[in-house]
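Reader: I am new to this one. Please walk me through the labels and show the reasoning behind each.

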Amino acid sequence: MEDLSIADLKAAYDFNAMERKALRKLLKASSRTVDYNSNAGYQELMVIQENLYDALENRINSIEMIW
């Protein structure tokens, strides 16, 4: 993720958020799941979100240090 620009990281983060929201809606409609964290697909999206957030935060921090 080091080669991605801030805009690319933000777009990926936003896309992941949309995917999580869609999965949550699907889980709610199909199985009345209340605990989304028990779903492997949802957990995977949460890990991706955490990684994207960390990469975005690191990129912003490195730019702030340059200024």
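Author: What follows takes the labels one at a time. The model is predicted.

Reader: What makes up the fold?

Author: Two helices and zero strands. Helix α1 covers residues 6-31. Helix α2 covers residues 40-66. Of the 67 residues, 21% are buried.

Reader: Why is the contact between Y13 and Y53 called an aromatic pair?

Author: The ring centres are 6.3 Å apart. The cut-off is 6.5 Å, so the two rings pair. The count comes to one aromatic pair.

Reader: Why is that pair called tilted?

Author: The planes are 45 degrees apart. Stacked needs under 30 degrees and edge-to-face needs over 60, so this angle falls to the rest, called tilted.

Reader: What does the pair tie together?

Author: Y13 lies in helix α1 and Y53 in helix α2, so the pair ties together parts that are 40 residues apart in sequence.

Reader: How do you know whether Y13 and Y53 are buried or exposed?

Author: Compare the relative accessible areas. Y13 has 21%, and Y53 has 42%. Buried means under 20% and exposed means over 50%. Y13 is therefore partly exposed. Y53 is therefore partly exposed too.

Reader: What makes K10 and D14 a salt bridge?

Author: Their closest N and O atoms are 2.7 Å apart. The limit is 4 Å, so the label applies. The count comes to one salt bridge.

Reader: Where do K10 and D14 lie?

Author: Both are in helix α1. They are four residues apart, about one turn of the helix. K10 is partly exposed at 40% relative accessibility. D14 is partly exposed at 33%.

Reader: How do you know that R20 has no salt bridge?

Author: The nearest side chain of opposite charge is D14, 8.6 Å away. A salt bridge needs the atoms within 4 Å, so R20 has none. R20 is buried.

Reader: Which residues does R20 touch, leaving aside its neighbours within four places in sequence?

Author: R20 is in contact with Y42, L45, M46 and Q49. R20 itself belongs to helix α1.

Reader: Which residues make the nonpolar surface patch?

Author: I6, I60 and I63 make it, with an area of about 190 Å². I6 is found in helix α1.

Reader: Why is I6 called partly exposed?

Author: Its relative accessibility is 30%. Buried is under 20% and exposed is over 50%, so I6 falls in between.

Reader: How much surface does the whole protein expose?

Author: About 5200 Å². Carbon and sulfur atoms supply 58% of that area.

Technical notes. Residues are numbered from 1 along each chain as its sequence is written. This is a predicted model: local features need pLDDT of at least 70, side-chain atom pairs count only at pLDDT 80 or more; totals for chains, interfaces and linings use all residues. Side-chain values use heavy atoms; hydrogens and water are left out. Buried means under 20% relative accessible area, exposed over 50%, partly exposed in between (1.4 Å probe, protein chains only). Accessible areas come from the Shrake-Rupley method with a 1.4 Å probe; for residues, only the protein chains shown count as cover. Patches are made of residues with over 30% relative accessible area and no salt bridge: like charges are joined within 9 Å, nonpolar side chains (Val, Leu, Ile, Met, Phe, Trp, Tyr) within 5 Å. Lys and Arg count as positive and Asp and Glu as negative; His and the chain ends are not counted. Contact means heavy atoms within 4.5 Å. Rings of Phe, Tyr and Trp (its six-membered ring) pair if their centres lie within 6.5 Å; planes under 30 degrees apart count as stacked, over 60 as edge-to-face and the rest as tilted.
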